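Q: I am new to this structure and would like a close look at a single part of it. Please take me through that part slowly, in one connected answer.

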Amino acid sequence: MTYSVAVSGASGYAGGEILRILAAHPDVEIRTVTAHSNAGQKLIEHQPHLRSLAHLTLQETTPEVLSGHDIVFLALPHGQSGQYTDALADTPLVIDAGADHRLESTTEWEKFYGGDHHHPWTYGVPELLVGGGTQRELLRGATRIAAPGCNASTVSLSLAPGVSAGVIDPSDIVTVLAVGPSGAGKSLKPHLLGSEILGTANPYAVGGGHRHIPEIRQALAAAMSETAVPIRISFTPVIVPMARGILATSTAPIAAGATDDDIRAAWERAYGDETFVQLLPAGHFPRTADVLGANTALMGLAIDRDANRVVVVTAVDNLVKGTAGAAVQSMNIALGLPEGRALTVNGVAP
Ligand SMILES: NC(=O)c1ccc[n+]([C@@H]2O[C@H](COP(=O)([O-])OP(=O)(O)OC[C@H]3O[C@@H](n4cnc5c(N)ncnc54)[C@H](OP(=O)(O)O)[C@@H]3O)[C@@H](O)[C@H]2O)c1
């Protein structure tokens, strides 16, 4: 069977990356691409790297244009997706790259985003530990999927094995992330001009204001066996001059009594059989260059006994494993296709 697909936000970074991956997917036909201010123009004018899709023209993003497909991807600014989801009630599978359907808590939505809180959808990070299993089981047969925030899934994947096994203390998590500016999208923003970010590292959303914090808390809470322990996260992203990529350094105190073997075994158990989340051998740590273009989260683990903390360094391509790759991997699972179809573990380096 060939599934017909519409991709909204197709002139943007997330939409463009969804299209790049789907262009190599043998089970889908990309029938419709939509945008907003650039509707009416050829896709290739905005995504000149997508040569095989040169025949497509960007249409207006309306419920009428998006409906009638087997699968719709929404890759719109947050707050925009919710208005389409009711109108797409007859669409068999809808996958949202935005935040609108990620959070279960109305309170957290109002605090970090504001505006209408929409119904939460199945979270699109298959390898995340949930209860005694993984998010993958929940994605099988799903019809509505919320792809993750790129920073959120990077930190959640980094720490879920430790909180699930009870070998780290989730009440004192500290994470600092080097992030590329593509994570903020393609629309013009003065603080993301080349002259503002080249040759400098720029922290932002310092002090607990970043919108991915509640998403991490939600994912880690789902991974924990002991629900009474509070989850507290100090989260500091720093924009660095690389177009794409996240390098997240996440630390948490070692739980009382946890041995070095217990700690490493928690991550090995969680990811030993995974293709797209890989733990490096002891003493090795990833670079963002190792995962660019890949659907891979690459992780290094250290146990700092002097500081009494576990340190996890994870590299992810924000546009692949952080968004579009996660969306397509989740789509494959939902449809019962081979999970890795059209996705690669290999990065592009140097
Ligand atoms: N960038 C990432 O690494 C990343 C990672 C995870 C999740 N996401 C999420 O993916 C979504 C898209 O992000 P992005 O980085 O791709 O942003 P982007 O590059 O700014 O692209 C936004 C897209 O949405 C369209 N658009 C803007 N306003 C619209 C409206 N009112 N109605 C319909 N379409 C509208 C734009 O069309 P025009 O160009 O024609 O105006 C463009 O195609 C966001 O919710 C973001 O949080 C992004």
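Which residues in H9 are buried?

A: The model is a predicted one, and what follows should be read with that in mind. In helix H9, which covers residues 213-223, the buried residues are Ile-213, Pro-214, Glu-215, Ile-216, Gln-218, Ala-219, Leu-220 and Ala-223. The helix is thus mostly covered, with 8 of its 11 residues buried.

What surrounds these residues comes next. The buried residues of H9 pack against two other helices, H5 (106-112) and H7, and against the strands E6 (122-123), E7 (129-130), E10 (173-179) and E12 (233-239).

Among these neighbours, helix H7 (residues 150-165) can be described in some detail, since its axis and that of H9 come within 9 Å and cross at roughly 25°. Because angles under 35 degrees count as roughly parallel, H7 is roughly parallel to H9, and the crossing of the two helices is right-handed. On the H9 side the contact is made by Glu-215, Ile-216, Ala-219, Leu-220 and Ala-223, while H7 contributes Ala-152, Val-155, Ser-156, Leu-159, Ala-160, Val-163 and Ser-164. Sorted by class, this contact of H7 with H9 holds 9 nonpolar, 2 polar and 1 charged residues. The H9 residues named in this contact, Glu-215, Ile-216, Ala-219, Leu-220 and Ala-223, also appear in the list of buried residues.

Helix H7 in turn meets another helix, H10 (residues 260-271), and the axes of H7 and H10 come within 9 Å and cross at roughly 115°. That angle makes H7 roughly perpendicular to H10, whereas H7 is roughly parallel to H9; the crossing of H7 with H10 is right-handed. Here Leu-157, Ser-158, Leu-159, Pro-161, Gly-162 and Ala-165 in H7 meet Ala-266, Trp-267, Arg-269, Ala-270 and Tyr-271 in H10, and by class this contact has 8 nonpolar, 2 polar and 1 charged residues. Leu-159 of H7 is named in the contact with H9 and in the contact with H10.

Returning to helix H5, whose residues are 106-112 and which the buried residues of H9 pack against, one can turn to the aromatic rings. The structure holds 1 aromatic pair, formed by Trp-109 and Tyr-113, which are stacked at 4.3 Å centre to centre with 10° between the planes. Trp-109 is buried, with a relative accessible area of 1%, and Tyr-113 also counts as buried, because its relative accessibility is 14% and the cut-off for buried is under 20%.

Notes. Residues numbered from 1 in each chain as written. Predicted model: local features only at pLDDT ≥ 70, side-chain atom pairs only at ≥ 80, totals over all residues. Heavy atoms only, no water. Axes fitted to C-alpha atoms, helices over the stretch in contact; angles between N-to-C directions. Helix = DSSP H or I, 4+ residues; strand = E, 2+ residues; numbered from the N terminus. Parallel < 35°, antiparallel > 145°, perpendicular 65-115°, else oblique. Left-handed = near helix turned anticlockwise from the far one by under 90°. Contact = heavy atoms within 4.5 Å. Nonpolar A, V, L, I, M, F, W, Y, C, P; charged D, E, K, R; others polar. Phe/Tyr/Trp six-rings, centres within 6.5 Å; stacked < 30°, edge-to-face > 60°. Buried < 20%, exposed > 50% of the residue type's maximum accessible area, 1.4 Å probe, protein only.
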